[in-house]
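Colleague: I am learning to read strands and sheets in a model, and I would be glad if we could go through one example step by step.

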Amino acid sequence: MNDLESRELRYFVAVAEELHFGRAAQRLGMAQPPLSRAIRELERRLGVRLLERTTRQVRLTAAGEVLLRDARTALDAIGAAGRRARNAGRSAPVLRLALKADNDAGLLPRILSVYERDSAAIDVELVLGGRGEQAPALRDGRADVALLVSPFDDRGLDVEPLLTEPRLVALAASDPLAARPSLRLADLAGRSLPDGTLAGEGGSPRSRVHTGESASARPRTAPRELTAGTRQPLSDITQIFRLVELGRMVCFLPAWVTRRYPLPGIAYRPVADLEPATLAVAWPQDANSPAVAAFVRAATSVMHPVG
């Protein structure tokens, strides 16, 4: 069998993610018939069926699931190679640091102060993004190092935890639950979260799924107006806080974020069975950059001073 080509992998990933040939073709900017032929040819060359097709749906086979995982990794590696080469070839290479603006626990100024004194330090370029965007940026070469908050996908990354603090729930100060000194996840069942899912049981705010509960199944302490009118994910902190103040949603935040935003219309309460947040520094496992090593040393020394 000939080696797989990146073009074939891009075609397959588009179909596997969309599970619809028409949408995948539109995403790729091509007509559907040649896309269908390309996938059939890929299956013929591999000697396995990757997709089960019916008139109603397309779904991945076990072989397709494996190829999707590895194809994503391969395409990330190809993109990363080009981006890292371009950065290394600049007249003045920079260290690209990925983070979400409010999720450094106030540590970044101290980390940079220590880092800049290291002989291996180079200029730092911030790669700002929303929640969950930092690990992919490391894998596809848009960033060299990252400050990120658990939970996250650590495939292909080395990680050093820096700080662990409780997660608190932000809810409207007028909410009946705000009168309690602490809560449990079950108390919040049916409340909307910024990512469009519902709060409920389970420890990880990123692992929650839409439970499909009806309004009548929600706790009596949750007024009807607390249900958000949208399931679209939100990432802008100002919008989130405004909707929390209005009772349209609740939000789980690391304690360090709540200290930065004391707001009269919002109450922060501990949630006994909500897993804590860990801030970590992460970098690609195959990184051999002295600047990356210097940044990691600086970050860990700020939290764990030697001597």
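Colleague: Which residue stands opposite Leu 95 in S4?

Modeller: In this model, which is predicted, the residue opposite Leu 95 is Val 124 in S4. That pair belongs to a longer ladder, for S3 and S4 are joined over 5 bridges in the parallel sense.

Colleague: What do S3, helix H5 and S4 make together?

Modeller: With helix H5, which covers residues 108–115, the strands S3 and S4 make a β-α-β unit that is right-handed.

Colleague: With which strand does S3 pair over 2 bridges?

Modeller: That partner is strand S5, residues 145–149, and the pairing is again in the parallel sense; here Ala 98 has Ala 146 of S5 as its bridge partner.

Colleague: Are the residues of strand S3 buried or exposed?

Modeller: A residue is called buried when its relative accessible area is under 20%. In strand S3, residues 95–99, 5 of the 5 residues are buried, so the strand is largely enclosed by the rest of the structure. Leu 95, Leu 97 and Leu 99 point one way from S3, while Arg 96 and Ala 98 point the other way, and all of them are buried.

Colleague: What is the order of the strands in the sheet?

Modeller: The sheet is open, has 5 strands with mixed pairing, and follows the order S4-S3-S5-S10-S6. Its edge strands are S4 (124–128) and S6 (157–165), each of which pairs on one side only.

Colleague: How does S6 run relative to strand S10?

Modeller: S6 and strand S10, residues 277–284, run antiparallel and are joined by 8 bridges, and Val 159 stands opposite Ala 282 in S10.

Definitions and conventions:
Residues are numbered from 1 along each chain as its sequence is written. This is a predicted model: local features need pLDDT of at least 70, side-chain atom pairs count only at pLDDT 80 or more; totals for chains, interfaces and linings use all residues. Side-chain values use heavy atoms; hydrogens and water are left out. Two strands pair if DSSP finds at least two bridges between them. Helices (H or I, at least four residues) and strands (E, at least two) are DSSP runs, numbered from the N terminus. Buried means under 20% relative accessible area, exposed over 50%, partly exposed in between (1.4 Å probe, protein chains only). A crossover is right-handed if, with the strands pointing away from the viewer, the path from the first strand over the helix to the second runs clockwise.
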